[in-house]
Amino acid sequence: MKVTLPLSAIALALSMSFTATAQTTGAPDTENTNITGALQELLVPEKAPKTDDKKSTPEADPAEAAEKESDEADPAKEDEKKEKTFADIVEDMTHIPGYVDIYQDPKTGAAKLVIDKDMLNTPVLYFAQTVNGVTDVRHFRGAYRSEKILEFRQHFDRLDVVAPNNSYVFDKNNALSKAADANTSEAILVSTKIEFDNEGKIVVDLGSVVLNENIHRIAPMPSRDPKRDKDRFKLGKLSKDKTRYNDFANFPENTHVVVDYVYENMTPRNGGTGGNADARFTTISLQHAFVKLPENNFKPRQDDARVGYFGTYKEDQTTPSTTPYVDFITRWHLEKKDPDAAVSDPVEPIVWWIENTTPVEWRDTIKEGVLAWNSAFEKAGISNALEVRVQPDDADWSADDVRYNVLRWTSSPRAPFGGYGPSLANPENGQIIGADIMLEFVFMSNRWLYEGMFTQGSMLALEHEQYSAVAEESGHNALRCSKGFDINAGIALGNLLGNDMIGGGSTPADIYDLDKNEIARQGLLHLILHEVGHTLGLNHNMKASTTRSVTDVHDASVTQGAITASVMDYAPINLAPVGEKQGDYYDYAPGTYDDWAINYGYSIGLADPVKEAERLEAILSQSTLNAHIFGNDADDMRAPGVHIDPHVMIGDMSADAVTYAEQYIERMHDIATKLRDKVLQPGESHQDLLVAANIVAGSMSTQTGVMSRYIGGVHVNRAVVGQAGYDKPYTPVAEAKQKQAMAALAKHLFAADAIDDIEPLLAYLQRQRRGFYGYGKNEDPKPHDLLLNMQKRVFDHVLHPAVQKRITDSTKYGNTYPLHAVMEDLTQAIFADDMRGDVNTYRQNLQVEYVERLIAISGLEKTSRHDNIAEATALYTLKQLDESLNLRRGNTATKIHRSFLKDRIARAFHKSKS
Ligand SMILES: [Zn+2]
């Protein structure tokens, strides 16, 4: 996976002392102080820091106080002020003791940071998390913003906060290591005047460190595309007067400072999506956490291309290897309580807390989803690896406390995600220190996303895009998870079409045997499994849905809760073909890949490094099994023209995804014909029908997208040379499979009757009126846009310069479906059926769009972005079309259309001559 960790986030050299071997045993694990893994030690249950006596001046000495008083009375003794003691400095301030001591002035709120001198020049884990904000600027409750290693360093009379550049590793025995700092830059984030330097302590103004954006940038980075930025919601300028401390929480080994950053933008062009009371003034509450790195016997485990973990990445500058990678996976520190037992409970389990804001009726299912992972750990030798507890209503800890792994539940005005499961890991060795999962209430209930997405002709799922930006910005292991959106669509479909089967016996549904409660249950279990999977270190596996046959995926006795090989895939809600029995809807148990990946990441290692390497390779050598197939976001084909292996795709299902997609679209048509009777209710508006129709149209678009990826596709294999089951890395998709996809597109996307079953719904697709909502937008249904947008998405891929070129390139290593044949078949699909008869308006739209694309590829009017072969083929296709378009055939509308096409082609050729 392509990881965009900022350089500063990748930390210190491997030989640092904090990977020391002795494990400190921690404080007792009480009901309210859950501590996981090595973090145990961070939690010494001391009394809450904020309750300290306001006027406490424990070290104040009456004599010193008197001296101070006389100092102030006598200007001649001005110089002696420098001789103030520490007690003088913090006199009358509230002491908030912890990892880094804080003192706050109870009158002004100003605060001082006190650094013990032995803390200088040692790495500190820094972590920023949004406590509250507005989703317009990608600050949502609980958002992980960044993690990095920082160091406090003294430079004469200044204290620097430095982010070292530790992306590189040097073998100390190699002379090159003497030049280790050449051509790399560390970042001095803060440099502030030292107010006091004595008694082993350094005192600075805390505000100079955190009441600005130096350590962590709050406002979003401007987009690369300024046009996009123009109308976005903007925070404006940070107000110095209004920006202030919100909260301090201090513990022996971690210090939290929550700051309210207030921004002012007096002329907002975009009022935001409703999260802030007044778009001119926005408050973002951000928690800065300074965390002591754990000291324990955690052993980093190497990353490998064949299995999908998040990781930490460094390069060894002293090896001649072409792969000088020193990469570790992120994982929890799990040890067996009984090291000799084949299966043992862990010394410290991973404890999850269900936040007390969670709807009570969902808590059992959520717990079941978390604990479902235990079966995978048990196969790796660790029983009861995960535990679940419920946060008491009167708990005195906050979910923002980095020591608690919390399943949080929020309801944002505009949800940025349906689920989000980041983890905090030591960038040095990959040890996961804490994790949270944020769930949005909308995921179980809300339908806003589907109101107008397709029927109103808008294909932009802005929120998906916004979410990706969150991940990019946080640099957090590039975690992009829009899983909740997909499940949301399935659950909404279940709610609208499904039946309440509880207590209803086995009577089949009036339309289908869709059990709405079971869809919701499996959907929620799946989401929890997926998000917990991220917090265990696993990234997506977009290839896992291809392991079972197109018939087996519908057989619940075969799948048993694992339709695919991994809960980390983005498979669609699994719906039976028309007339067949419904199987499992979602994966609700870890799959074969998940078990294998957990075994790689968490089975207990051997002390002997050589034997350990052999042991890990023995696991990895099974990567060629179909059950362990893997490919993540860095390879998936969701965006048109990007990546090459159609098996690494979202929304696809089964080893024959093209057939599955055809059956799925047929099912959607069948649903469409029954939708009106099922969904419209007396006394209700048409809103539900509108939502359902959008989900149906969205599913059709997803599945035609899946089909398109097979054309010009190349399967990727990451097996290492000589491994059992080894095959060459690149194998073009078989010609028969490509042709199957082309034929499926012809039938389901390009055909004249592609959305005939949606047509009877059009006159009913009305959004419920609310105030003046929708003012300035025409509310009429737009079926031509609906279909054309789907077709454009497929053109975007099949006619993409990269795909067109690959179709030609891959003929040199196995592709037998050359570009001229692809274009001939595509042209047939778009023109053949109505060449002799009437062309309906959908097809007119499609044919014009296709001709415009061909003109662009051919370079007749503007410089082509395509390769020579593609240019020539497009030009030839245009000429062929021009010759075959007969102006005498068809009805008047058809004659107008064909006349336009011929004219358009002629103009393009004319322009190229002039
Ligand atoms: Zn995900």
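Which residues are buried in helix 17? In this predicted model, the buried set of helix 17 consists of P783, L786, L787, L788, N789, M790, Q791, V794, F795, H797 and V798. Helix 17 spans residues 783-798, 16 residues in total. From its first C-alpha to its last it reaches 23 Å, close to the 22 Å expected at 1.5 Å a residue. The buried residues of helix 17 pack against several other helices, namely helix 15 (687-708), helix 16 (735-750), helix 18 (801-809), helix 19 (819-831) and helix 20 (841-858). An α-helix has 3.6 residues a turn, so residues three or four places apart point the same way. Among the buried residues of helix 17 are L787, Q791, V794 and V798.

The chain as a whole contains 22 helices and 24 strands. It has 914 residues, of which 55% count as buried. Among contacts between residues at least 6 apart in sequence, 74% join residues at least 24 apart. The mean pLDDT of the chain is 82, and 81% of the residues reach 70 or more. Over residues 1-72 the pLDDT is below 50, and this stretch has 173 contacts in the model beyond near neighbours in sequence. Residues 457-479 also have a pLDDT below 50, with 77 contacts in the model beyond near neighbours in sequence. Where pLDDT is low, the predicted coordinates should not be read in detail.

A second helical element of interest is the pair formed by helix 12 (residues 592-602) and helix 13 (residues 609-620). Two packed helices are described by the angle between their axes and the distance between the axes. For helix 12 and helix 13 the angle is about 170°, and the axes lie 10 Å apart. Angles over 145 degrees count as roughly antiparallel, so helix 12 is roughly antiparallel to helix 13. On the side of helix 12, W596, N599 and Y600 take part in the contact, meeting L616, I619 and L620 of helix 13.

Turning to the strands, an open sheet is built from five of them in the order 1-2-3-10-9, with antiparallel pairing. Strand 1 (94-96) and strand 9 (196-198) stand at the edges; each has a single partner strand, so one side of each is left without a neighbour in the sheet. On average, neighbouring strands of this sheet are turned by 20° against each other, direction ignored. Within the sheet, strand 2 (residues 101-104) is joined to strand 3 (residues 111-116) by four bridges, and the two strands run antiparallel. D101 has V114 of strand 3 as its bridge partner. Strands 2 and 3 form a hairpin with six residues between them, and in the turn G109 has a positive phi of about 85°. Strand 3 also pairs with strand 10 (residues 201-205), in the antiparallel sense and over five bridges. Here L113 stands opposite V204 of strand 10. Strand 3 is mostly covered, with five of its six residues buried.

Strand 6 (residues 158-163) likewise has two described partners, strand 5 and strand 8. Five of the six residues of strand 6 are buried, so this strand is largely enclosed by the rest of the structure. Strand 5 (residues 144-155) is joined to strand 6 by five bridges, and the two run antiparallel. In this pairing R153 stands opposite D160 of strand 6. Strand 5 and strand 6 form a hairpin with two residues between the strands, where F156 takes a positive phi near 50°. Strand 8 (residues 187-193) runs antiparallel to strand 6 and is joined to it by six bridges. V161 stands opposite V190 of strand 8.

Outside these elements, N297 lies in the loop between strand 14 (281-291) and strand 15 (311-316). With a relative accessibility of 27%, N297 counts as partly exposed, the buried class ending under 20% and the exposed class beginning over 50%. N297 and E335 are separated by 38 residues in sequence, and their C-alpha atoms are 9.7 Å apart in space.

Notes
Residues are numbered from 1 along each chain as its sequence is written. This is a predicted model: local features need pLDDT of at least 70, side-chain atom pairs count only at pLDDT 80 or more; totals for chains, interfaces and linings use all residues. Side-chain values use heavy atoms; hydrogens and water are left out. Two strands pair if DSSP finds at least two bridges between them. Axes are lines fitted to C-alpha atoms, for helices over the stretch in contact, and angles run from 0 to 180 degrees between N-to-C directions. The expected span of a helix is 1.5 Å times one less than its number of residues. Buried means under 20% relative accessible area, exposed over 50%, partly exposed in between (1.4 Å probe, protein chains only). Contact means heavy atoms within 4.5 Å. pLDDT is the predictor's confidence in each residue, from 0 to 100. Angles under 35 degrees count as roughly parallel, over 145 as roughly antiparallel, 65 to 115 as roughly perpendicular and the rest as oblique.
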